[in-house]
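Grab a pencil and keep the viewer open. Below are a few short exercises, each with a solution worked out step by step.

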Amino acid sequence: MRYKIDFSYDGSLFFGYQKQPNKRTIQGEIERVLSSINDSPVTISSSGRTDRGVNALHQIAHFDFNKDISCFKLKGALNSYLPDDIYINEVSKVDDDFHARYSAKRKTYSYFINMGTYNPMKRCQAFQYCKKLDVNLMKEASKHMLGKHDFTTFACGEDRRSDKVREIYKIDFNLSKDVLTISFTGSGFLKYQVRNMVGLLIKVGEKKESPENVGKLIEQKDRKKIGITAPACGLTLINVEY
């Protein structure tokens, strides 16, 4: 029996999503509880791995279960035994050919930047930049990131995948009470890609890089030329579409 789960988490106290020996991870916690309910080991497959400190509003994973349990009961059992920084939003039964990663069509990540007074209550949900940025320049620069590109410029050096072509469908900006939200919707993302794109947009917003140069930087495929990687705390996986 294959199940799909939609879940949220605060990533601040985890060593990332992926299971690691002797470290607290999101995958490890969920598999621990599922294995206990199933009375045998359970491995989950997610839509993708988030970095240490990154949050999720709607992460998706699937797993195969020996037991046929109602979705309502399984959701209740999971939320009863999982730690408070993980919550199962929904459980559903799916066909055996469903795959949380390979069946996904689009993903949306949002990055939150506080440009106002430092807010300790939001330090794990938003980058406490605490300075003004030129948002109009950032919007202009983001247009060069739209479409299908080889995003090697924004990839982490640890990402060994040879195919770094991805498509960005839209980039939205929203400013509310000094908090700037930049949302990226695409076919998929490389390791650190969104954080590196935000790092370059911040550089543009500081007027240290021109919007017109962003397209050239993408074409050069040189990570060293774009500057900082934005902190993980500002990034949240918002949604995965199938």
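**Exercise 1: the overall fold**

What percentage of the 242 residues of the protein count as buried? Work that out, then judge the overall build.

*Solution.* Keep in mind that this is a predicted model.
- Step 1: 49% of the 242 residues count as buried.
- Step 2: Tally the secondary structure, and you get five helices and ten strands.
- Step 3: Check the radius of gyration. For this protein it is 19 Å, and the globule rule gives 18 Å for 242 residues; the two are close, so the protein is as compact as a globular protein of that length.
- Step 4: Look at the extents. The C-alpha trace spans about 55 × 40 × 30 Å along its principal axes.
- Step 5: Turn to the contacts with a separation of 6 or more: 70% of them join residues 24 or more positions apart.
- Step 6: Finish at the surface, where the protein exposes about 12200 Å², with 48% of it supplied by carbon and sulfur atoms.

**Exercise 2: helix H1**

Test whether the length of helix H1 (residues 26-38) fits its residue count, then find what packs on its buried residues.

*Solution.*
- Step 1: H1 has 13 residues, and at 1.5 Å a residue they should span 18 Å.
- Step 2: The end C-alpha atoms of H1 are 18 Å apart, so the expected span agrees.
- Step 3: List buried residues of H1; among them are Ile26, Ile30, Val33, Leu34 and Ile37, but also the polar-named entries Gln27, Glu29, Glu31 and Asn38.
- Step 4: Find the cover. It includes strand S1 (2-9), strand S3 (55-64), helix H2 (71-81) and strand S4 (86-94).

**Exercise 3: aromatic rings**

Classify the ring pairs Phe63–Phe65 and Phe127–Tyr129.

*Solution.*
- Step 1: A search of the whole structure turns up eight aromatic pairs.
- Step 2: For Phe63 and Phe65, the ring centres are 5.5 Å apart and the planes sit at 70°, so call this pair edge-to-face.
- Step 3: Planes over 60 degrees apart count as edge-to-face. Phe127 and Tyr129, with centres 5.8 Å apart and planes at 65°, are therefore edge-to-face.
- Step 4: Check burial. Phe63 has a relative accessible area of 1% and is buried; Phe65, at 3%, is buried. Phe127 and Tyr129 are buried too.
- Step 5: Zoom out a little, and ring pairs link Tyr3, Phe63 and Phe65 into a cluster.

**Exercise 4: arginines over rings**

Which ring does arginine 24 lie over, and which one does arginine 195 lie over?

*Solution.*
- Step 1: Arginine 24 lies over the face of phenylalanine 14, at 4.0 Å from the ring centre.
- Step 2: Arginine 195 lies over the face of tyrosine 192, at 4.8 Å from the ring centre.

Technical notes. Residues numbered from 1 in each chain as written. Predicted model: local features only at pLDDT ≥ 70, side-chain atom pairs only at ≥ 80, totals over all residues. Heavy atoms only, no water. Phe/Tyr/Trp six-rings, centres within 6.5 Å; stacked < 30°, edge-to-face > 60°. Buried < 20%, exposed > 50% of the residue type's maximum accessible area, 1.4 Å probe, protein only. Lys NZ or Arg CZ within 6 Å of the ring centre and 35° of its normal. Helix = DSSP H or I, 4+ residues; strand = E, 2+ residues; numbered from the N terminus. Rg over C-alpha atoms; globule rule 2.2 N^0.38 Å. Contact = heavy atoms within 4.5 Å. Areas by Shrake-Rupley, 256 points an atom, 1.4 Å probe, with all protein chains shown as cover. Expected span 1.5 Å × (residues − 1).
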